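Colleague: Before us is a model that I should like to learn to read feature by feature. Might we begin with the space left open among the atoms?

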Amino acid sequence: KEILDFLKIQPGETGFDATLGYGGHTKAMMECLRGKGHMYATDVDPEESAKTRKRLADLGFGEDILTIKLQNFCTIDEIAREAGGFDFILADLGVSSMQIDNPKRGFSFRADGPLDLRLNQEKGISAAERLDKISRDELAGMLYENSDEPYAAQIAKAIKNRLRRGSIETTGELRQVIDEALSFISGAEHKEAVKKSCARVFQALRIDVNSEFEVLYAF
């Protein structure tokens with residue numbers, strides 16, 4: 001409601017939703033167009049964007065009013081040239097619950113799955129591969145820069161020590177390493193500290209493997 005109050009969308013306008021996701025914002029903005037005008041939307045997740053495209057089409061929002069691009073929102077200039085410019089733009093940053101809820105994507109430490117964290121699994125390298133390649137100091141810096149992790153040094157040391165002995169391939173294995181890295185915290189505080197550090201570490205890795213800051217600056 002607050003977004004729609006701010007945008008004041010009018011029928012006939014052209015809009016851009018930089019982060020399609022489940023399509024909730026896109027749908028609400030298209031309803032304001034009342035069948036006149038056009039929405040453009042981007043998403044880099046081929047699996048989820050296909051589901052959203054079908055879901056919106058079934059609700060009556062087809063290609064006549066909606067163009068979905070399977071590309072990063074940092075390509076806004078290219079899309080704007082095709083659209084002739086935009087009257088309103090929304091970028092709802094972050095990760096979608098659709099990705100978090102799927103253990104196979106590796107976005108959550110609450111369920112075991114491959115340590116991937118890519119929004120598009122067809123491009124780039126997984127979080128597991130990234131941990132393998134990065135130095136201890138770079139990793140500590142990344143954890144601090146991307147998520148203000150207070151135990152960045154301890155966790156980076158524990159991860160690289162583990163990788164010297166073997167691999168970290170799953171979300172559960174990474175959680176275990178973080179748990180062990182924070183063993184100096186005792187009692188009830190330990191469980192809460194591990195939970196918060198897991199959330200921050202997974203966020204930092206997700207931002208890194210998807211180059212989220214770089215694409216945001218470009219956008």
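Modeller: Please bear in mind that this is a predicted model. Empty space is revealed by rolling a probe the size of a water molecule over the atoms. Here, the largest pocket holds about 840 Å³ of space.

Colleague: Which residues lie nearest the centre of the largest pocket, and how many line it?

Modeller: The lining comprises 36 residues, and Thr19, Val44, Phe73, Gly94 and Leu119 are the ones nearest the centre. By class, 14 of the lining residues are nonpolar, 15 polar and 7 charged.

Colleague: Which helices each supply at least two residues of that lining?

Modeller: Helix H2 (24–33), H10 and helix H11 (212–218) each do so. The largest share, 4 residues, comes from H11.

Colleague: Let us turn to the interior. How many residues has the largest nonpolar core, and which have the most contacts inside it?

Modeller: One looks for buried nonpolar residues joined through side-chain atoms within 4.5 Å. The largest such core in this model has 31 residues, with Leu115, Ile159 and Leu174 making the most contacts inside it. Two or more core residues are given by each of helix H6 (127–133), helix H7 (136–147), helix H8 (152–165), helix H9 (171–181) and helix H10 (188–209). H10 contributes the largest share, 8 residues. Apart from this core lies another, of 15 residues, including Leu7, Phe61, Leu66 and Ile68.

Colleague: Which residues does Leu115 touch, leaving aside those up to four places away in sequence?

Modeller: Leu115 touches Ser126, Ala127, Ala128 and Leu131, then Ile168, Glu169, Thr170, Thr171 and Leu174, and also Phe202.

Colleague: How should one read the aromatic rings, and how many aromatic pairs does the structure hold?

Modeller: One considers the distance between ring centres and the angle between ring planes, an angle over 60 degrees counting as edge-to-face. The structure holds 4 aromatic pairs. In one of them, the ring centres of Tyr40 and Phe86 are 6.0 Å apart and the planes stand at 65 degrees, so the pair is edge-to-face. Tyr40 belongs to strand S2 (residues 38–42), while Phe86 is in the loop between helix H4 (76–83) and strand S4 (88–90); the pair thus links distant parts of the chain, 46 residues apart. Both Tyr40 and Phe86 are buried, and together with Phe16 they form one aromatic cluster.

Colleague: What is the geometry of the pair formed by Phe73 and Phe219?

Modeller: Phe73 and Phe219 are also an edge-to-face pair, at 4.8 Å centre to centre with 75 degrees between the planes. Because Phe73 lies in the loop between strand S3 (66–69) and H4, and Phe219 in the segment after H11, the pair ties together parts 146 residues apart in sequence.

Colleague: Is Phe73 buried or exposed?

Modeller: Phe73 counts as buried, because its relative accessibility is 11%, under the cut-off of 20%. Phe219, at 29%, counts as partly exposed. Phe73 is also one of the residues nearest the centre of the largest pocket.

Colleague: Finally, what should one look for in the backbone?

Modeller: Most residues other than glycine have a negative phi. Lys8, in contrast, has a positive phi, near 50 degrees. Lys8 lies in the loop between helix H1 (2–7) and strand S1 (14–17) and counts as exposed because its relative accessibility is 58%. Ser211 likewise has a positive phi, of about 50 degrees. Ser211 is found in the loop between H10 and H11 and, at 31% relative accessibility, counts as partly exposed.

Terms used. Residues numbered from 1 in each chain as written. Predicted model: local features only at pLDDT ≥ 70, side-chain atom pairs only at ≥ 80, totals over all residues. Heavy atoms only, no water. Buried < 20%, exposed > 50% of the residue type's maximum accessible area, 1.4 Å probe, protein only. Contact = heavy atoms within 4.5 Å. 1 Å grid on protein atoms, 1.4 Å probe; cavity = no way out; pocket = protein on both sides within 12 Å on 5 of 7 lines; lining within 4 Å. Points joined across faces, edges and corners; volume = space filled by probe spheres on them. Nonpolar A, V, L, I, M, F, W, Y, C, P; charged D, E, K, R; others polar. Phe/Tyr/Trp six-rings, centres within 6.5 Å; stacked < 30°, edge-to-face > 60°.
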